[in-house]
Amino acid sequence: MLADMSNNNNRLAFTKDFFSSPALSLTLAGIFRRGEMAEKGDVEMEEVDDGSGEVRRDDAAEVSSENLGPVRSRSDDDFEGGGVHEENEEGDGGCLVKRRKKYHRHTTEQIREMEALFKDSPHPDEKQRQQLSKRLGLSPRQVKFWFQNRRTQIKAIQERHENTLLKAEMEKLREENKAMRELTKKKVGCPNCGTANAAEDRTAFTTTEQLRIKNAKLKAEVEKLRAALGNHSRSSISPSYSSGNDQETNRNCLDFYTGIFGLEKTRIMERVHQALEELKTMAVTNEPLWIRSIETGREILNYDEYLKTFHLKNSNACWLKRHIEASRDTTVVFMEPSRLIQSFMDENQWKEMFPSMISKAATIDVICNGEVANWNGAVQLMFVEVQLLTPLVPTREIYFIRHCKQLDAEQWAIVDVSIDNVDDTNIDASLMKYRKRPSGCIIKDESNGHCKVTMVEHLECEKTKVHNLYRTIVNNGTAFGARHWMATLQLQCERLAFFMATNIPIKDSTGVATLAGRKSTLKLAERMSSSFSQAVAASSYQTWTKVVGKTGEDIRVCSRKNLSDPGEPIGVILCAVFSLWLPVPPHTLFHFLRDEARRNEWDAMFGGDKVESIANLAKGQDRGNSVSIQTRGSKESSSMWILQDASTNSSESMVVYSGVDVAGMQSVMTGCDSGSLTILPSGFSILPDGAESRSLLITRQKDHKSSDTHGGALLTAAVQIVTDASPSAKPTVDSVEYVKSIVCCTMKNIRSSLGCCEDDC
């Protein structure tokens with residue numbers, strides 16, 4: 001046994017020395033340099049004399065630890081028309097013999113032809129190589145070597161990217177483990193909800209309230225200072241009492257103090273213009289800056305190329321505490337550019353355009369108003385809280401500058417960037433967990449009411465804990481990436497187009513006779529879904545408590561009070577949310593939940609009776625995007641109808657429903673205002689689980705929209721009930737148990753109907 005242990009230790013020592021040896025580092029560096037040279041078509045294989053008088057050339061793609069040699073750099077003379085390189089070799093009799101090697105450089109046309117074939121066939125057969133060599137005037141062996149070099153380069157880039165992801169994930173797990181150990185040492189939380197005891201909760205609540213009060217006072221003082229500076233500036237620049245120098249001094253003083261968080265206006269504008277140039281480059285440049293994944297069709301930022309392109313320095317210390325999310329996506333939406341720009345620059349319209357992703361939005365300060373007619377030149381400081389429709393994923397609070405700029409007659413840019421040099425300002429460090437690097441979108445007019453939108457989302461994130469269910473889609477950037485934003489934008493633009501349309505086919509609008517009734521019903525459904533999005537996320541609007549179901553389900557519960565909003569029931573409202581994974585494709589799960597014929601299979605809230613459809617209104621090109629009105633039993637005898645709003649896109653699906661008063665709903669269907677109709681929505685949010693994104697293979701692909709999506713779905717179910725009509729009341733234990741039982745029973749019914757056993761979920 002002692003001998004075996006000694007042997008094992010020797011092997012471990014050898015392995016450690018081998019992988020840390022300078023020889024191996026030089027060898028791996030040689031492989032990567034060969035890959036980079038292969039992309040330009042400049043790599044020539046080593047010529048080896050096998051003793052038979054013939055010279056053969058070794059393939060760099062088939063390298064091993066036995067035949068790797070140093071990669072020699074060539075002088076400028078070697079690149080001009082070929083070049084010659086001399087080496088000394090030991091010949092017969094021990095004398096030195098000079099061998100001359102001629103290097104060949106492929107032309108631009110030859111590289112273009114081989115790149116085109118590589119996109120379709122990275123491993124061409126002998127026939128394809130023969131045909132290509134004849135067309136390009138190369139030998140078949142030269143073509144073969146070029147393809148092998150190209151594959152080597154792609155593989156090297158892929159491995160570097162995967163290693164970066166693995167290192168970041170390992171460091172994140174290590175920090176989470178350390179934080180959990182420290183938390184265990186400090187205090188013991190509640191076994192059910194994981195929070196501290198009541199005394200600690202009261203202390204934390206008091207501290208939070210004190211900070212909020214102090215913050216409000218500081219804001220009031222800032223506003224007074226701005227008003228005083230404004231009055232002083234206006235009086236100082238009067239021609240009767242002020243000289244030119246005094247005017248300039250007061251203007252600069254005003255710019256400084258009313259600047260964002262103490263930053264001068266000139267510094268802000270410089271940063272904005274730099275961000276705009278970076279956004280334009282990021283939006284139009286393809287490889288090697290962006291490399292498309294053949295597995296998912298998503299574009300992945302080559303970070304090394306990014307640093308080189310924009311002459312930035314890589315900080316290893318930054319990677320230990322933060323990680324970078326970068327994504328890009330392009331889509332065509334049915335909306336005029338001027339209206340789309342208005343939706344981005346006005347915080348209320350921006351929030352309405354992305355109701356499931358934005359819980360809060362505000363314009364904090366305006367640095368430059370820009371042109372009144374079209375926002376050109378506008379610069380403003382904005383705040384946004386971005387969310388997923390589940391309380392298990394923390395929201396992201398971001399402060400950033402937004403700038404609108406007209407690039408030419410057909411193109412506009414909306415650029416976002418966070419402020420640099422925060423340490424020199426009075427910004428609280430806790431507000432900077434998420435920082436926007438130059439991001440935004442390029443909007444191009446495509447005529448006929450359409451525009452092409454290219455979005456770049458580039459975020460620097462502080463490493464935070466994420467629930468295991470959502471860790472994959474959050475860490476790989478799909479949860480908050482550009483594709484999610486673009487899919488939501490396209491869906492909302494379709495909804496607006498169908499809302500304003502006057503020529504909807506009869507088959508797409510059944511049960512509602514008038515155009516006014518259709519608009520009023522669609523508006524009510526939109527309000528219902530927006531209310532649902534606000535109720536189920538981890539926004540600071542809600543305080544969630546963890547409770548455990550009878551079989552160990554992880555359920556989150558929160559309560560709120562409605563004092564005067566006529567759109568919701570008055571009183572205490574209790575919400576229970578349950579998220580889980582199902583081994584079912586998202587689109588299959590969505591169509592199962594929206595189908596009124598199968599509603600009785602899962603609905604534990606309104607009973608198990610079959611429903612009848614009263615009306616169905618389309619709100620998008622996909623047949624799943626629709627608003628329906630349903631009833632249990634006969635239409636005449638029912639005292640309550642069910643309003644359902646179903647929405648789906650490639651990144652997220654929702655099925656939201658609420659019981660509505662029959663008389664009030666009939667009034668809405670005739671075209672009356674829907675603002676006073678009381679609704680309390682419950683429903684579902686469906687997200688892909690990210691299984692198709694787990695293996696990130698960086699390669700080329702001609703059609704990035706043809707990637708198949710496999711894996712399961714992340715389903716979040718939310719149920720809301722009124723526990724007491726008095727706003728002063730408090731939720732009882734019985735009411736919590738009741739709402740918890742409804743959401744658990746609903747999920748159990750869904751699993752049973754879809755044939756998912758407990759072990760699969």
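## Helices H15 and H16

In this predicted model, helix H15 (residues 482–500) and helix H16 (515–536) make a good starting point. Their axes come within 9 Å and cross at roughly 155°. Anything over 145 degrees counts as roughly antiparallel, so that is how H15 runs relative to H16.

Who's touching whom? On the H15 side you'll find Arg495, Phe498, Phe499 and Met500, and they meet Arg518, Lys519, Leu522, Lys523 and Glu526 of H16. Sort that contact by class and you get 4 nonpolar and 5 charged residues, with no polar ones.

## Helix H18 and its surroundings

H16 turns up again when you look at helix H18, which covers residues 662–669. Which residues of H18 are buried? They are Val662, Gly664, Met665, Val668 and Met669. Look down the axis of H18 and these buried residues fall within an arc of 165°, so they line one face of the helix.

What do they pack against? Besides H16, the partners are four strands: S19 (611–618), S20 (626–632), S21 (640–648) and S22 (653–661).

The ends of H18 are worth a look too. At the N-terminal end, aspartate 661 acts as a cap, with a side-chain oxygen 3.3 Å from the backbone nitrogen of alanine 663. Just after the helix comes glycine 671, which takes a positive phi of about 115°.

## Backbone oddities

Most residues other than glycine have a negative phi, and most peptide bonds are trans. Here are some spots that break with those habits.

First, the cis peptide bond: it joins glutamate 287 and proline 288, and omega is about 5°. Proline 288 sits in the loop between helix H9 (265–284) and strand S5 (290–292).

Then there are two positive phi values outside glycine. Histidine 311 has one of about 55°, and its place is the loop between helices H10 (303–309) and H11 (316–321). Is histidine 311 buried or exposed? Its relative accessibility is 72%, so it counts as exposed. Tryptophan 375 has a phi near 70° and lies in the loop between strands S8 (358–368) and S9 (379–386). With a relative accessible area of 22%, tryptophan 375 is partly exposed; the buried class needs a value under 20%.

## The chain as a whole

Stepping back, the chain has 19 helices and 24 strands. Of its 761 residues, 45% are buried.

How much of the contact map links distant parts of the sequence? Taking contacts between residues at least 6 apart in sequence, 67% join residues at least 24 apart.

Definitions and conventions
Residues are numbered from 1 along each chain as its sequence is written. This is a predicted model: local features need pLDDT of at least 70, side-chain atom pairs count only at pLDDT 80 or more; totals for chains, interfaces and linings use all residues. Side-chain values use heavy atoms; hydrogens and water are left out. Buried means under 20% relative accessible area, exposed over 50%, partly exposed in between (1.4 Å probe, protein chains only). The arc is that of the directions from the helix axis to the C-beta atoms. Contact means heavy atoms within 4.5 Å. A polar contact is a pair of N or O atoms within 3.5 Å; within protein, one must be able to donate a hydrogen and the other to accept it, and residues adjacent in sequence count only if both atoms are side-chain atoms. Axes are lines fitted to C-alpha atoms, for helices over the stretch in contact, and angles run from 0 to 180 degrees between N-to-C directions. Angles under 35 degrees count as roughly parallel, over 145 as roughly antiparallel, 65 to 115 as roughly perpendicular and the rest as oblique. Ala, Val, Leu, Ile, Met, Phe, Trp, Tyr, Cys and Pro count as nonpolar, Asp, Glu, Lys and Arg as charged, and the others, Gly among them, as polar.
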